[in-house]
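The report that follows describes a ligand site and one helix for a reader who is new to this structure.

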Amino acid sequence: MIKAWTGNQIRSAEAPLLANGQGPELMQRAAHGLANAIVRGLLRRRGQVYGSTVAVLAGSGNNGGDALYAGAFLARRGAQATAVLTSARWHTEALAAFRRAGGTVVQAGQAGPALAGELAAADVLVDGILGTGASGGLRGAAAGLVAALQERISRPTNGTGPLVVACDLPSGVDADTGQLHQPVLRADLTVTFGGAKLGLLTDPGAGAAGRVWTVDIGLGPHLPEPALRRLDPGDVPALWPVPGRSDHKYTRGVLGIAAGSASYHGAALLAARAAVATGVGMVRYLGPGEICGQLNLLAPEVVCGSGTIAENRSQAWLVGPGAVADPEQAQRAREALASGLPVVADAGALDLLPAELGPHVILTPHAGELVRVLAGQGVSVDREQVEASPAEFARLAAGLTGATVLLKGAATVVASPAGTLFSQDNATAWMATAGSGDTLAGILGALAATVRPQDLDRAGIAAPDHFAAVAALAALVHGLAGTAAAAGGPTSAAAIGHAVPAVVRALLREPEQRPGR
Ligand SMILES: NC(=O)C1=CN([C@@H]2O[C@H](COP(=O)(O)OP(=O)(O)OC[C@H]3O[C@@H](n4cnc5c(N)ncnc54)[C@H](OP(=O)(O)O)[C@@H]3O)[C@@H](O)[C@H]2O)[C@H](O)CC1
Ligand SMILES: [K+]
């Protein structure tokens with residue numbers, strides 16, 4: 001499990017060590033970690049550090065200090081290092097060490113217009129302007145320089161242009177929300193200290209951070225419960241509802257699905273097939289007879305039922321996909337939402353939410369649907385605002401509705417009503433295709449019906465976060481299945497579902513054979 005904290009949590013963990021006079025030692029550990037990561041990057045790209053050109057953008061605070069010490073280390077390894085001071089103040093000892101190591105220093109405010117071009121030609125560009133002490137976005141000369149660099153360095157680089165390495169976080173990324181305060185120089189790699197920052201694992205910050213590498217600087221004993229968690233493939237075996245010898249279909253768990261409508265069949269078919277592929281004791285289906293007929297052909301494992309939610313005993317319900325303008329499906333969704341059973345509420349069901357919900361109800365909106373969910377709670381936001389700060393709005397929606405909220409996106413974020421966050425970044429952009437969300441809903445429904453609370457407890461997930469963890473697990477498996485189905489090219493929602501069994505099989509195998517490694 002990958003854990004992340006807010007900037008303030010990291011700073012508070014650092015406080016007792018600073019009070020003990022260990023500040024310089026922490027900075028040395030951070031700088032060494034940063035320099036080592038850059039050395040590895042240079043070796044991969046050029047085969048050697050000697051003779052490479054390294055440009056360090058250094059702000060006035062300790063973030064600039066870390067970057068300057070790392071620059072000094074690289075200069076001693078034979079790199080030609082240049083520091084660009086973006087403020088009239090700087091970290092005195094670090095700059096002195098940088099100069100002693102042979103580094104060249106320029107002031108951003110005094111440099112001519114050619115500076116950005118020169119920096120863009122370096123082998124490595126280190127962004128050490130702002131760290132956790134930032135307030136808002138870049139200002140003054142730093143803002144001008146980064147805006148000019150943004151124009152010159154296109155991302156993704158496909159291996160051309162400098163290796164951009166962010167020191168602790170890309171300057172302009174809000175450590176606590178992932179919001180971007182432009183201009184932000186998108187990094188290939190972010191080397192973060194003491195613990196990952198929340199804003200590096202949630203969009204849009206995650207998109208600006210590139211790969212995130214955490215350097216242990218000894219804050220561990222002082223860190224509180226993380227503000228955000230990310231499940232990784234290694235977490236799956238402990239959480240997966242692997243059937244036991246004495247299990248039968250009812251003890252494994254039954255998922256009821258009330259999805260689809262006369263005019264929309266596909267969503268129900270995709271969700272039901274994905275649920276079957278995920279491994280569930282049984283899938284019951286309630287909905288139009290034409291869809292039952294198609295399910296008989298495409299997923300004969302699914303049992304078509306009739307009557308009410310209460311009359312079709314299930315461990316969990318999935319309601320909403322493709323359920324448009326269908327009063328019977330709407331009635332079933334309302335019943336399921338009031339049943340007290342775990343419910344995955346997607347698409348059409350998001351417009352039918354009662355005033356009182358609990359964490360066992362998992363809402364699965366995309367950004368546009370979250371806008372509607374929030375409007376139902378009296379909060380007026382637009383899609384752009386949600387996309388600019390998805391973690392913040394997912395948490396707000398969870399808090400207001402009382403439900404668990406899985407907000408779909410490049411990095412999918414899950415918020416529990418208790419305020420805990422998960423984020424999963426396992427998907428590929430090829431998965432942005434119609435029906436992909438229905439497949440996710442089917443996977444999640446199956447897991448909501450089958451994951452055992454005692455396994456979640458044993459994995460250290462507190463009861464109020466159980467359903468958020470189940471949603472994160474579904475997002476992880478959906479992302480890995482989509483990545484496997486796409487295999488670097490186009491894919492379809494049905495193909496994502498088909499890929500689930502093989503992905504789960506591999507996840508349950510020995511560690512070195514797991515996908516996503
Ligand atoms: N947390 C740890 O365990 C460790 C952290 N390290 C590193 O330290 C930084 C945090 O350092 P800090 O000095 O507190 O803050 P910053 O380096 O982020 O910079 C704050 C200064 O920057 C100026 N500032 C603030 N906002 C802006 C802005 N929007 N635009 C331009 N400049 C801004 C401000 O200075 P002024 O002179 O302008 O007032 C701030 O004082 C952390 O991120 C780590 O990299 C340790 O080295 C290791 C342990
Ligand atoms: K930075």
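## Ligand 1 and helix α13

In this predicted model, a backbone N or O atom of N63 lies 2.9 Å from an oxygen atom of ligand 1, and the table sets this beside two like pairs, polar contacts being pairs of N or O atoms within 3.5 Å.

| Residue (backbone N or O) | Ligand 1 atom | Distance |
|---|---|---|
| N63 | oxygen | 2.9 Å |
| T132 | oxygen | 2.9 Å |
| G137 | nitrogen | 2.3 Å |

Taken alone, ligand 1 exposes 930 Å², of which the protein buries 82%, with accessible areas computed by the Shrake-Rupley method with a 1.4 Å probe. The elements that give two or more residues to the surrounding shell are α1 (7-19), α2 (23-46) and α3 (62-76), where helices are DSSP runs of H or I with at least four residues and strands are runs of E with at least two.

Helix α13 (residues 327-337) has the buried residues Q329, A330, R332, A333, A336 and L337, buried meaning under 20% relative accessible area and exposed over 50%, with a 1.4 Å probe and protein chains only. Seen down the axis of α13, these residues fall within an arc of 160°, taken from the directions from the axis to the C-beta atoms, so they line one face of the helix. The face turned away from that buried side carries the exposed residues P327 and E328.

Residues are numbered from 1 along each chain as written, and chains are lettered from A and ligands numbered from 1 in written order. Local features need pLDDT of at least 70 and side-chain atom pairs pLDDT 80 or more, while totals for chains, interfaces and linings use all residues, and side-chain values use heavy atoms, without hydrogens and water.

Definitions and conventions
Polar contact = N/O pair within 3.5 Å; in protein donor to acceptor, adjacent residues only side chain to side chain.
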